[in-house]
Amino acid sequence: MGAMTSPDAPLTVGFDLDLTLLDTRPGIKATWEAFAAETGVAIDADLVVTRLGPPLEHEMAYWFPQERVPEMVSRYRALYPEYAIGPTVPMPGAEDALLAVREAGGRTLVVTAKNGPHAELHFERLGIEPDAVVGGLWAEGKAEALRAHGARVYVGDHTGDVRGAAAAGALSVAVATGPCPAEELREAGADVVLADLTDFRAWWEAYRA
């Protein structure tokens, strides 16, 4: 079941961050390259950015033994503000999608597997102000924040986002701008699949009509 909301409560729309709202690939690639240079481990940063979405711990486990993952995650995160924030830009249509929700009197919520402080750094640097940002949640775990904030729609680019929306009883709107093609998102159970967020406003206006 979705969160219980009163009929006059603002319509809350949740969004994923990486490759949904923000193109973090250049900055994440630069961070991994700096991290590889520091650790002396050969890491294919181009490969890493093709599978963004799951928590950092998942990716780190491809390159280090499990017992070293927590330490390496901490080292990577220490580098992240220097290398990842500057090169990041909004995805096409992202700012307009947030504006469309606000213009309708709705609230915007970002729920991401990225740790919260880094997510907030991205938005602060870009001058984008979601109503709330919740980090550190992935796939079905995102339902925790979606329910807590009464989100009735969740927008993401990964099958994990589709599962998170379903677990929260929210409408799943998927954008084919990340690692998962449109057909995979449909097969995962997305209610709506858009090419990218430039299509969001038209869908949103029809949805609210």
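These are my notebook entries on the sheet, the nonpolar cores and one helix pair of a predicted model.

**Entry 1: the sheet**

I began with the strand order. Six strands form an open sheet, and I read their order as β5-β4-β1-β6-β7-β8, with parallel pairing. The edges are β5, residues 132-134, and β8, residues 192-194, each of which pairs on one side only. I also looked up the twist: on average, neighbouring strands of this sheet are turned by 20 degrees against each other, direction ignored.

**Entry 2: pairings around β4**

I then followed strand β4, which spans residues 107-111. Is this strand mostly covered or mostly uncovered? I found it mostly covered, with four of its five residues buried. On one pairing, four bridges join β4 to strand β1 (residues 12-15), and the two run parallel. Within that pairing I noted Arg107 of β4 as the bridge partner of Thr12. β4 also pairs with β5 in the parallel sense, over three bridges. There I located Val110 opposite Val133 of β5.

**Entry 3: the β8 edge**

At β8 I checked the pairing with strand β7, residues 171-175. Three bridges join these two parallel strands. Val173 stands opposite Val192, which belongs to β8.

**Entry 4: the nonpolar cores**

I next asked which residues have the most contacts inside the largest nonpolar core. They are Phe15, Trp32, Met60 and Phe200, in a core of 49 residues. Helix α4 (residues 69-84) supplies the largest share of this core, namely seven residues. A second core, of 12 residues, lies apart from it; I recorded Ala143, Ala145, Tyr154 and Ala170 among its members. For background, I note that nonpolar side chains tend to be buried together in soluble globular proteins.

I singled out Trp32 for a contact list. Setting aside neighbours within four places in sequence, I found Trp32 in contact with Ile43, Ala45, Val48, Leu56, Glu59, Met60, Trp63 and Tyr76.

**Entry 5: α4 against α6**

Finally, I examined how α4 packs with helix α6, residues 116-126. Their axes lie 11 Å apart and make an angle of about 10 degrees. Angles under 35 degrees count as roughly parallel, and I therefore class α4 and α6 as roughly parallel to each other. From α4, the contact involves Arg77, Tyr80, Pro81 and Ala84; from α6, it involves His118, Leu121 and His122. Sorted by class, I count four nonpolar, two polar and one charged residues in this contact.

Technical notes: Residues are numbered from 1 along each chain as its sequence is written. This is a predicted model: local features need pLDDT of at least 70, side-chain atom pairs count only at pLDDT 80 or more; totals for chains, interfaces and linings use all residues. Side-chain values use heavy atoms; hydrogens and water are left out. Two strands pair if DSSP finds at least two bridges between them. Axes are lines fitted to C-alpha atoms, for helices over the stretch in contact, and angles run from 0 to 180 degrees between N-to-C directions. A nonpolar core is a set of buried Ala, Val, Leu, Ile, Met, Phe, Trp, Tyr and Cys residues joined through side-chain atoms within 4.5 Å. Buried means under 20% relative accessible area, exposed over 50%, partly exposed in between (1.4 Å probe, protein chains only). Contact means heavy atoms within 4.5 Å. Angles under 35 degrees count as roughly parallel, over 145 as roughly antiparallel, 65 to 115 as roughly perpendicular and the rest as oblique. Ala, Val, Leu, Ile, Met, Phe, Trp, Tyr, Cys and Pro count as nonpolar, Asp, Glu, Lys and Arg as charged, and the others, Gly among them, as polar.
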